[in-house]
Amino acid sequence: MNEITQGLAVVPPFAVQPNEARVIVTYVEGDTFDLPRPVIYDGSSEDDFKRWAVEMMRGGGIPGRPADPEAELDDYKVERLPRSANAEPGQRDFNLVLIRPKTGYGC
Amino acid sequence: MTIEAAAIISADEKEVLCWHLPEGRSEVGVPDTTSHLLDLLHSSQCMAGTAHSHPGLGVPAPSWEDITTYAAIDKYFRRRFKYWIASMDRAVVVTWCGPRKYDYDVAILDEGKEPGWVTELRRKSQGPDPWPYSESAHGNE
């Protein structure tokens with residue numbers, strides 16, 4: 001167990017505070033999952049989000065997903081989608097972090 | 001001026017399934033976009049891989065940005081694809097050779113034996129001058 005996976009044996013639906021984010025990982029085809037609790041958004045780096053996700057993947061902290069000691073997100077992109085302070089009902093009112101395979105090309 | 005362009009190539013390697021000409025592409029790269037991942041998802045069962053252009057002349061080589069994108073795509077789809085790179089006069093195809101995840105081999109295509117779509121890839125890699133063009137056919141163009 002580590003700072004992220006501690007206390008995650010039961011996973012209730014969670015509320016996301018303004019300084020937190022929901023994290024969705026698009027890992028491999030057919031394997032997209034939420035981190036089971038929000039993470040700190042403000043002040044966190046892209047490497048932080050990836051590190052927390054990898055720790056949970058390796059440690060078996062993702063509900064319904066076996067521990068994967070080989071999990072890594074080295075070539076994955078982190079997209080930060082901040083919450084809208086004036087979200088209407090039905091609109092996303094929380095910070096969202098998407099981690100997905102990178103797709104850029106460059107010379 | 002040349003600006004990089006990219007495309008998804010059909011399984012028979014003869015056609016472009018989808019051009020990828022996002023806003024922000026330049027002479028040094030094609031930016032990372034979610035739309036390209038979605039296009040790859042839609043094409044994954046019928047594609048051989050992707051292609052993109054490098055500005056200038058001579059035999060192109062994959063950049064680290066390219067290699068890490070290839071590794072990400074291969075990992076995501078659990079398949080090994082082919083990745084073409086075309087300069088304005090030469091082209092190569094890059095494939096994983098292993099054993100490590102960033103071990104990719106570069107094979108130079110013989111002049112005159114390039115796939116037909118390479119010509120169009122080069123044309124789309126021209127800046128607005130001297131060949132103005134307007135694209136609207138596919139998603140993120």
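This report describes the contact between chains A and B, one residue of chain A, and the make-up of chain B. The model is predicted.

**The contact between the chains**

Chain A gives 13 residues to the contact, and chain B gives 25 residues. On chain A, three strands each supply at least two residues of the side that touches chain B. They are listed here.

| Strand of chain A | Residues |
|---|---|
| Strand 4 | 76-81 |
| Strand 5 | 95-101 |
| Strand 6 | 105-106 |

Sorted by class, this side of chain A holds five nonpolar, three polar and five charged residues.

Strand 6 of chain A also pairs with a strand of the other chain: its partner is strand 3 of chain B, residues 29-30. The two strands run in the antiparallel sense and are joined over two bridges. Within this pairing, Tyr105(A) has Val30(B) as its bridge partner.

**A residue of chain A**

Glu46(A) belongs to helix 1 of chain A, which covers residues 46-59. Glu46(A) counts as partly exposed because it has 14 C-beta neighbours inside 10 Å, and the partly exposed class lies between 12 or fewer for exposed and 20 or more for buried. Glu46(A) and Lys77(A) are 31 residues apart along the chain, and 8.3 Å separates their C-alpha atoms.

**The make-up of chain B**

Chain B contains three helices and seven strands. Read from the N terminus, their order is β-β-β-α-β-α-β-β-β-α. Of the 141 residues in chain B, 35% are buried. Among contacts in chain B with a separation of 6 or more, 65% are between residues 24 or more positions apart.

Key. Residues numbered from 1 in each chain as written. Chains lettered and ligands numbered in written order. Predicted model: local features only at pLDDT ≥ 70, side-chain atom pairs only at ≥ 80, totals over all residues. Contact = placed C-beta atoms within 7 Å. Helix = DSSP H or I, 4+ residues; strand = E, 2+ residues; numbered from the N terminus. Nonpolar A, V, L, I, M, F, W, Y, C, P; charged D, E, K, R; others polar. Pairing = 2+ DSSP bridges.
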